[in-house]
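Hi,

Here is the structure I promised to pass on. Have a look at it first, and then read my notes below.

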Amino acid sequence: MNKFELKIPPVAVFLIVALMMSYMKKNMLFAHVSLPFAWVVFLACFIIATVIALSGVREFRRAQTTVNPVKPETASSIVDSGIFSYTRNPMYLGLFIFLFGIGYWQQNWISLAMSYCFVLYMNHFQIKPEERALERIFGAEYVDYKQRVRRWV
């Protein structure tokens with residue numbers, strides 16, 4: 001187990017990446033790109049991200065299981081209804097889409113690439129450890145769910 005696994009809450013990772021993106025925009029002017037409809041794309045990403053992420057939270061609440069991402073071992077059930085029938089990580093997907101929208105709005109290719117760095121970090125330090133914990137708790141039932149539903153989309 002890596003010392004960063006399940007240690008930094010995903011919302012904190014999101015905020016760190018968003019701050020890094022802002023720094024990149026201000027200090028890496030050579031990375032500027034002209035992308036069309038920046039505000040429209042940002043707004044669309046914000047709305048889509050909010051709907052997806054809140055749908056995930058709602059499904060967890062309905063199932064009366066934990067939404068605490070740093071303690072997956074406290075999960076009481078596998079949630080595979082609603083948005084969870086399309087993606088195993090709707091809250092993380094929502095955060096990624098929002099970061100992508102921020103990067104697009106900033107018109108900076110480095111900032112845009114940072115949104116994908118979020119995905120890499122989340123896969124390695126958050127999602128894989130969560131999946132190991134859920135496999136220990138739920139066994140074959142969770143393995144079957146993993147085979148039916150993709151990690152992101």
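Before the notes, one term: I call it a salt bridge when a side-chain nitrogen of Lys or Arg lies within 4 Å of a carboxyl oxygen of Asp or Glu. Please keep in mind that this is a predicted model, so local features need pLDDT of at least 70 and side-chain atom pairs count only at pLDDT 80 or more, while totals for chains, interfaces and linings use all residues. Residues are numbered from 1 along each chain as its sequence is written, and side-chain values use heavy atoms, with hydrogens and water left out.

Salt bridges first, then. The structure holds eight of them. One of these pairs E59 with R58, where the closest N and O atoms are 3.7 Å apart. E59 counts as buried because its relative accessibility is 4%, whereas R58, at 42%, counts as partly exposed. (Buried means under 20% relative accessible area, exposed over 50%, and partly exposed in between, with a 1.4 Å probe and protein chains only.) R58 sits in helix 2; helices here are DSSP runs of H or I with at least four residues, strands are runs of E with at least two, and both are numbered from the N terminus.

Another salt bridge joins the side chains of E131 and R88, at 2.5 Å from N to O. This pair ties together distant parts of the chain: E131 is in helix 4, R88 is in the loop between helix 2 and helix 3, and 43 residues separate them. Both E131 and R88 are buried.

A third one to look at is R148 with D144, at 3.1 Å from N to O. The two are four residues apart in helix 5, so about one helical turn separates them. D144 has 37% relative accessibility and therefore counts as partly exposed. There is also a network: R58, E59 and R62 are joined by salt bridges that share partners.

Which buried residue has no salt bridge, with R88 as the nearest side chain of opposite charge? That is E130, and R88 is 8.4 Å away from it. (For charge, Lys and Arg count as positive and Asp and Glu as negative; His and the chain ends are not counted.) E130 belongs to helix 4. Setting aside neighbours within four places in sequence, E130 is in contact (heavy atoms within 4.5 Å) with L6, P69, P72, N89 and Y92.

L6 is worth a look for its backbone too. It has a positive phi of about 60° although it is not a glycine. L6 lies in the segment before helix 1 and counts as buried because its relative accessibility is 13%. Q107 is a similar case to check: its phi is near 60°, again a positive value in a residue other than glycine. You will find Q107 in the loop between helix 3 and helix 4, and at 12% relative accessibility it counts as buried. As background, most residues other than glycine have a negative phi.

Now the inside. The largest nonpolar core (a set of buried Ala, Val, Leu, Ile, Met, Phe, Trp, Tyr and Cys residues joined through side-chain atoms within 4.5 Å) has 34 residues, and L99, F118 and W152 have the most contacts inside it. Two or more residues each come from helix 1 (10–27), helix 2 (38–63), helix 3 (90–106), helix 4 (109–138) and helix 5 (140–148). Helix 3 gives the largest share, eight residues. Beyond its neighbours within four places in sequence, F118 is in contact with P10, V13, F14, V17, Y92, L95, F96 and L99.

On the surface, L43, F46, I47 and V51 form a nonpolar patch with about 360 Å² of accessible area together. Patches take residues with over 30% relative accessible area and no salt bridge, joining like charges within 9 Å and nonpolar side chains (Val, Leu, Ile, Met, Phe, Trp, Tyr) within 5 Å; the areas come from the Shrake-Rupley method with a 1.4 Å probe, and for residues only the protein chains shown count as cover. F46 is in helix 2 and, at 36% relative accessibility, counts as partly exposed.

Last, M28, in the loop between helix 1 and helix 2. Its relative accessible area is 25%, so M28 is partly exposed. Not counting residues up to four places away in sequence, M28 touches Y23, N108 and I110. The C-alpha atoms of M28 and W109 are 9.6 Å apart, with the two positions 81 residues apart along the chain.

Cheers
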